[in-house]
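Notebook open, model loaded. Today I'm looking up where the ligand sits and what surrounds it.

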Amino acid sequence: MIKIGLLGCGNIGRIIAARAENVQVVAVFDANPGRAEELAALCHARPYTDFDAFMKEDFSIVVEAASIDAVRRYGEAILRSGRDIIVLSVGAFADDEFRERLVEAAREVGKKIRIPSGAIIGLDNLKIGQISPPKKLLLRTTKPPASLGMTAETRTEVFKGLARDCIKLYPKNINVAVALGLAAGRETHVELWVDPAVERIIHEISVEGDFGEISIQVKNVPSPDNPATSYMAALSVLTLLKNLENPLVVGT
Ligand SMILES: NC(=O)c1ccc[n+]([C@@H]2O[C@H](COP(=O)([O-])OP(=O)(O)OC[C@H]3O[C@@H](n4cnc5c(N)ncnc54)[C@H](O)[C@@H]3O)[C@@H](O)[C@H]2O)c1
(Lines give C-alpha, C1' and ligand atoms only; values in the text may rest on other atoms or scores of the structure.)
Protein backbone atom coordinates (compact mmCIF):
# COMPACT_ATOMS: atom_id res chain seq x y z
CA MET A 1 0.00 0.00 0.00
CA ILE A 2 1.30 3.46 -0.92
CA LYS A 3 2.22 5.52 2.12
CA ILE A 4 1.55 9.22 2.06
CA GLY A 5 2.48 12.23 4.15
CA LEU A 6 -0.16 14.91 4.39
CA LEU A 7 1.01 18.53 4.40
CA GLY A 8 -1.88 20.66 5.64
CA CYS A 9 -4.54 19.53 8.08
CA GLY A 10 -7.33 21.93 7.18
CA ASN A 11 -10.52 21.38 5.32
CA ILE A 12 -9.21 19.39 2.34
CA GLY A 13 -6.65 17.53 4.47
CA ARG A 14 -9.42 16.34 6.74
CA ILE A 15 -11.49 14.94 3.87
CA ILE A 16 -8.42 13.18 2.45
CA ALA A 17 -7.46 11.72 5.82
CA ALA A 18 -10.98 10.47 6.44
CA ARG A 19 -11.63 8.96 3.02
CA ALA A 20 -8.36 7.95 1.35
CA GLU A 21 -8.57 4.47 -0.24
CA ASN A 22 -5.71 2.22 -1.38
CA VAL A 23 -3.22 4.48 0.42
CA GLN A 24 -2.15 4.85 4.02
CA VAL A 25 -1.66 8.29 5.57
CA VAL A 26 1.30 7.65 7.89
CA ALA A 27 2.18 11.21 8.94
CA VAL A 28 0.49 14.59 8.96
CA PHE A 29 2.13 18.00 9.22
CA ASP A 30 0.60 21.38 10.03
CA ALA A 31 1.87 24.59 11.59
CA ASN A 32 -1.17 24.38 13.86
CA PRO A 33 -0.54 21.63 16.47
CA GLY A 34 -4.22 21.14 17.33
CA ARG A 35 -5.12 20.50 13.70
CA ALA A 36 -2.23 18.09 13.21
CA GLU A 37 -3.20 16.10 16.30
CA GLU A 38 -6.89 16.00 15.44
CA LEU A 39 -6.22 14.69 11.95
CA ALA A 40 -3.59 12.22 13.10
CA ALA A 41 -6.13 10.71 15.49
CA LEU A 42 -8.68 10.50 12.68
CA CYS A 43 -6.46 8.46 10.35
CA HIS A 44 -4.13 6.74 12.85
CA ALA A 45 -1.10 8.69 11.63
CA ARG A 46 1.62 10.54 13.52
CA PRO A 47 1.26 14.33 13.92
CA TYR A 48 4.09 16.80 13.27
CA THR A 49 4.58 20.53 13.55
CA ASP A 50 8.26 20.25 12.68
CA PHE A 51 8.92 19.74 8.98
CA ASP A 52 12.28 17.98 9.35
CA ALA A 53 10.81 15.47 11.81
CA PHE A 54 7.83 14.89 9.47
CA MET A 55 10.23 14.14 6.62
CA LYS A 56 11.93 11.38 8.63
CA GLU A 57 8.75 9.32 8.35
CA ASP A 58 8.43 6.55 5.77
CA PHE A 59 6.20 7.74 2.91
CA SER A 60 6.67 8.02 -0.84
CA ILE A 61 4.28 10.85 -1.68
CA VAL A 62 3.40 14.13 -0.04
CA VAL A 63 -0.10 15.53 -0.55
CA GLU A 64 0.07 19.30 -0.16
CA ALA A 65 -3.23 20.83 1.00
CA ALA A 66 -1.83 23.80 2.88
CA SER A 67 -0.94 27.05 1.10
CA ILE A 68 1.18 28.66 -1.60
CA ASP A 69 3.66 29.50 1.15
CA ALA A 70 3.98 25.81 2.05
CA VAL A 71 4.70 24.84 -1.57
CA ARG A 72 7.38 27.52 -1.81
CA ARG A 73 8.95 26.57 1.52
CA TYR A 74 8.89 22.79 1.32
CA GLY A 75 8.34 21.76 -2.30
CA GLU A 76 11.96 21.41 -3.31
CA ALA A 77 13.01 19.63 -0.10
CA ILE A 78 10.20 17.10 -0.59
CA LEU A 79 11.27 16.31 -4.16
CA ARG A 80 14.97 16.18 -3.32
CA SER A 81 14.20 13.72 -0.51
CA GLY A 82 12.99 11.35 -3.25
CA ARG A 83 9.23 11.80 -2.88
CA ASP A 84 6.58 12.80 -5.39
CA ILE A 85 4.33 15.69 -4.47
CA ILE A 86 0.67 16.32 -5.22
CA VAL A 87 0.08 20.08 -5.17
CA LEU A 88 -3.29 21.71 -4.52
CA SER A 89 -1.98 25.23 -3.93
CA VAL A 90 -1.22 25.50 -7.64
CA GLY A 91 -1.03 29.27 -7.39
CA ALA A 92 2.58 28.79 -6.30
CA PHE A 93 3.36 27.90 -9.93
CA ALA A 94 2.26 31.29 -11.25
CA ASP A 95 5.84 32.33 -10.41
CA ASP A 96 7.72 31.10 -13.51
CA GLU A 97 11.12 31.11 -11.86
CA PHE A 98 9.93 29.10 -8.86
CA ARG A 99 8.03 26.63 -11.04
CA GLU A 100 11.01 26.04 -13.32
CA ARG A 101 13.25 25.49 -10.29
CA LEU A 102 10.86 22.92 -8.85
CA VAL A 103 10.40 21.13 -12.18
CA GLU A 104 14.17 21.02 -12.60
CA ALA A 105 14.55 19.55 -9.10
CA ALA A 106 11.93 16.90 -9.92
CA ARG A 107 13.67 16.08 -13.19
CA GLU A 108 17.05 15.76 -11.49
CA VAL A 109 15.78 13.25 -8.93
CA GLY A 110 13.30 11.49 -11.24
CA LYS A 111 10.23 12.44 -9.19
CA LYS A 112 6.87 13.91 -10.17
CA ILE A 113 4.86 17.01 -9.30
CA ARG A 114 1.19 16.13 -9.79
CA ILE A 115 -1.51 18.76 -10.10
CA PRO A 116 -4.99 17.30 -9.68
CA SER A 117 -7.91 18.78 -11.59
CA GLY A 118 -9.05 20.22 -8.26
CA ALA A 119 -12.18 22.31 -8.39
CA ILE A 120 -12.71 22.15 -12.17
CA ILE A 121 -13.22 19.73 -15.04
CA GLY A 122 -11.40 19.53 -18.33
CA LEU A 123 -7.69 19.88 -17.55
CA ASP A 124 -7.01 16.57 -19.27
CA ASN A 125 -7.92 17.49 -22.82
CA LEU A 126 -7.08 21.16 -22.43
CA LYS A 127 -3.51 19.88 -22.72
CA ILE A 128 -4.09 19.80 -26.51
CA GLY A 129 -3.25 23.50 -26.20
CA GLN A 130 0.38 22.49 -25.72
CA ILE A 131 0.32 21.26 -29.33
CA SER A 132 -2.29 23.59 -30.82
CA PRO A 133 -2.20 26.78 -28.70
CA PRO A 134 -5.64 28.27 -27.97
CA LYS A 135 -6.38 31.81 -29.15
CA LYS A 136 -8.56 32.40 -26.08
CA LEU A 137 -8.48 30.98 -22.57
CA LEU A 138 -10.87 32.65 -20.16
CA LEU A 139 -11.99 31.67 -16.67
CA ARG A 140 -14.97 33.57 -15.28
CA THR A 141 -15.40 32.65 -11.62
CA THR A 142 -18.37 33.76 -9.53
CA LYS A 143 -18.32 33.23 -5.79
CA PRO A 144 -20.59 34.00 -2.87
CA PRO A 145 -19.09 37.17 -1.29
CA ALA A 146 -18.39 35.30 1.98
CA SER A 147 -15.97 32.97 0.22
CA LEU A 148 -13.75 36.01 -0.44
CA GLY A 149 -14.38 37.34 3.06
CA MET A 150 -16.45 40.18 1.55
CA THR A 151 -19.95 41.56 1.64
CA ALA A 152 -21.68 42.79 -1.53
CA GLU A 153 -25.26 43.78 -2.26
CA THR A 154 -25.11 43.23 -6.01
CA ARG A 155 -23.12 41.18 -8.50
CA THR A 156 -19.71 42.86 -8.63
CA GLU A 157 -16.55 42.24 -10.63
CA VAL A 158 -13.61 42.28 -8.24
CA PHE A 159 -10.81 41.40 -10.67
CA LYS A 160 -10.19 41.29 -14.41
CA GLY A 161 -6.77 40.44 -15.79
CA LEU A 162 -4.15 37.71 -15.86
CA ALA A 163 -4.16 34.68 -13.56
CA ARG A 164 -0.67 35.49 -12.25
CA ASP A 165 -1.91 38.88 -11.00
CA CYS A 166 -5.21 37.53 -9.64
CA ILE A 167 -3.48 34.89 -7.53
CA LYS A 168 -1.37 37.59 -5.87
CA LEU A 169 -4.52 39.34 -4.70
CA TYR A 170 -6.54 36.19 -3.93
CA PRO A 171 -3.98 33.48 -3.10
CA LYS A 172 -6.56 31.13 -1.59
CA ASN A 173 -9.20 31.47 -4.24
CA ILE A 174 -8.11 31.15 -7.81
CA ASN A 175 -5.70 28.19 -7.96
CA VAL A 176 -7.73 26.71 -10.81
CA ALA A 177 -6.84 29.65 -13.08
CA VAL A 178 -3.17 28.78 -12.74
CA ALA A 179 -3.87 25.07 -13.28
CA LEU A 180 -5.76 25.86 -16.51
CA GLY A 181 -2.82 27.87 -17.82
CA LEU A 182 -0.33 25.12 -16.98
CA ALA A 183 -2.48 22.56 -18.79
CA ALA A 184 -3.13 24.70 -21.87
CA GLY A 185 0.39 26.10 -22.12
CA ARG A 186 -0.69 29.75 -22.07
CA GLU A 187 -1.74 32.31 -19.49
CA THR A 188 -5.39 32.32 -18.40
CA HIS A 189 -7.44 35.50 -18.46
CA VAL A 190 -9.56 35.77 -15.34
CA GLU A 191 -12.75 37.55 -14.40
CA LEU A 192 -13.54 37.18 -10.72
CA TRP A 193 -17.03 38.13 -9.56
CA VAL A 194 -18.86 38.06 -6.27
CA ASP A 195 -22.63 37.62 -6.31
CA PRO A 196 -24.83 37.55 -3.19
CA ALA A 197 -27.44 35.60 -5.18
CA VAL A 198 -25.23 32.52 -5.70
CA GLU A 199 -24.68 29.75 -3.19
CA ARG A 200 -22.28 27.73 -5.31
CA ILE A 201 -18.85 28.60 -6.67
CA ILE A 202 -19.30 28.87 -10.44
CA HIS A 203 -16.37 28.40 -12.83
CA GLU A 204 -17.08 29.15 -16.50
CA ILE A 205 -14.23 28.17 -18.80
CA SER A 206 -14.15 29.39 -22.42
CA VAL A 207 -11.50 28.26 -24.87
CA GLU A 208 -11.12 28.90 -28.58
CA GLY A 209 -8.54 27.42 -30.90
CA ASP A 210 -7.99 25.66 -34.21
CA PHE A 211 -9.69 22.64 -32.65
CA GLY A 212 -12.95 24.53 -32.12
CA GLU A 213 -14.60 26.03 -29.06
CA ILE A 214 -14.93 24.73 -25.52
CA SER A 215 -17.41 25.93 -22.91
CA ILE A 216 -17.44 24.36 -19.47
CA GLN A 217 -19.49 25.40 -16.48
CA VAL A 218 -18.81 23.92 -13.05
CA LYS A 219 -21.04 24.74 -10.08
CA ASN A 220 -19.24 23.70 -6.94
CA VAL A 221 -20.64 23.13 -3.49
CA PRO A 222 -18.49 25.16 -1.07
CA SER A 223 -17.07 23.09 1.74
CA PRO A 224 -19.06 23.58 4.95
CA ASP A 225 -15.91 24.21 7.02
CA ASN A 226 -14.22 26.56 4.54
CA PRO A 227 -16.45 28.44 2.09
CA ALA A 228 -13.39 29.37 -0.01
CA THR A 229 -12.84 25.72 -0.89
CA SER A 230 -14.84 23.44 -3.15
CA TYR A 231 -15.68 19.92 -2.03
CA MET A 232 -14.80 18.77 -5.56
CA ALA A 233 -11.12 19.64 -4.95
CA ALA A 234 -10.89 17.08 -2.15
CA LEU A 235 -12.68 14.46 -4.26
CA SER A 236 -10.22 15.14 -7.07
CA VAL A 237 -7.22 14.34 -4.85
CA LEU A 238 -8.90 11.21 -3.50
CA THR A 239 -9.47 10.06 -7.09
CA LEU A 240 -5.87 10.76 -8.07
CA LEU A 241 -4.66 8.70 -5.09
CA LYS A 242 -7.10 5.88 -5.88
CA ASN A 243 -5.74 5.62 -9.44
CA LEU A 244 -2.02 6.00 -8.77
CA GLU A 245 -1.28 2.34 -9.38
CA ASN A 246 -4.09 1.61 -11.84
CA PRO A 247 -2.56 0.39 -15.11
CA LEU A 248 -5.59 1.70 -17.03
CA VAL A 249 -5.08 5.46 -17.43
CA VAL A 250 -8.13 7.36 -18.69
CA GLY A 251 -7.84 10.89 -20.04
CA THR A 252 -5.07 12.70 -21.87
N1 LIG B 1 -6.40 23.40 -6.93
C2 LIG B 1 -7.64 23.58 -6.54
O3 LIG B 1 -8.59 23.40 -7.29
C4 LIG B 1 -7.91 23.97 -5.11
C5 LIG B 1 -9.22 23.96 -4.63
C6 LIG B 1 -9.44 24.27 -3.31
C7 LIG B 1 -8.39 24.64 -2.48
N8 LIG B 1 -7.13 24.71 -2.98
C9 LIG B 1 -6.00 25.09 -2.12
O10 LIG B 1 -5.69 23.99 -1.29
C11 LIG B 1 -5.11 24.47 -0.07
C12 LIG B 1 -5.81 23.83 1.13
O13 LIG B 1 -7.17 24.23 1.15
P14 LIG B 1 -8.03 24.06 2.49
O15 LIG B 1 -9.41 24.50 2.18
O16 LIG B 1 -7.82 22.71 3.06
O17 LIG B 1 -7.34 25.17 3.41
P18 LIG B 1 -7.44 25.33 5.00
O19 LIG B 1 -7.14 26.76 5.28
O20 LIG B 1 -8.72 24.76 5.52
O21 LIG B 1 -6.24 24.42 5.57
C22 LIG B 1 -4.89 24.68 5.30
C23 LIG B 1 -4.07 24.11 6.46
O24 LIG B 1 -2.68 24.17 6.09
C25 LIG B 1 -1.93 24.72 7.17
N26 LIG B 1 -0.80 25.46 6.60
C27 LIG B 1 -0.87 26.50 5.73
N28 LIG B 1 0.36 26.91 5.40
C29 LIG B 1 1.23 26.13 6.11
C30 LIG B 1 2.65 26.07 6.19
N31 LIG B 1 3.43 26.92 5.50
N32 LIG B 1 3.20 25.14 7.00
C33 LIG B 1 2.41 24.29 7.71
N34 LIG B 1 1.06 24.29 7.66
C35 LIG B 1 0.48 25.20 6.87
C36 LIG B 1 -2.88 25.62 7.93
O37 LIG B 1 -2.50 25.74 9.29
C38 LIG B 1 -4.22 24.88 7.76
O39 LIG B 1 -4.46 23.97 8.82
C40 LIG B 1 -5.23 26.00 -0.12
O41 LIG B 1 -4.02 26.58 -0.56
C42 LIG B 1 -6.31 26.23 -1.16
O43 LIG B 1 -6.20 27.49 -1.80
C44 LIG B 1 -6.87 24.36 -4.27
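I started with the pocket: the space taken by the ligand is the second largest one. My pocket rule, on a 1 Å grid over the protein atoms alone, is an open set of points with protein on both sides within 12 Å along at least five of seven lines. A molecule sits in one if more than half of its atoms lie within 2 Å of its grid points.

Note to self: this is a predicted model, where local features need pLDDT of at least 70 and side-chain atom pairs pLDDT 80 or more, while totals for chains, interfaces and linings use all residues. Numbering runs from 1 along each chain as its sequence is written, and side-chain values use heavy atoms, without hydrogens and water.

Next I looked at the shell (residues with a heavy atom within 4 Å of the ligand). I get 26 residues, with Asp30, Arg35, Ser67, Ser89 and Thr229 the closest. They split into 13 nonpolar, 9 polar and 4 charged, with Gly put under polar and Tyr and Cys under nonpolar.

Which helix gives the most to the shell? H4 does, with 3 residues. Helix H8 (175-184) and strand E13 (226-230) are among the others supplying at least two each; helices are DSSP runs of at least four residues, strands of at least two.

Then I checked polar contacts (N or O pairs within 3.5 Å). A ligand oxygen is 2.9 Å from a side-chain N or O of Asn175, and one is 3.3 Å from a polar backbone atom of Lys172. The protein buries 86% of the 860 Å² that the ligand exposes when taken alone (Shrake-Rupley, 1.4 Å probe).

Conventions:
A polar contact is a pair of N or O atoms within 3.5 Å; within protein, one must be able to donate a hydrogen and the other to accept it, and residues adjacent in sequence count only if both atoms are side-chain atoms. On a 1 Å grid over the protein atoms alone, a cavity is a set of points where a 1.4 Å probe fits but cannot get out, and a pocket is an open set with protein on both sides within 12 Å along at least five of seven lines; lining residues have an atom within 4 Å of a point.
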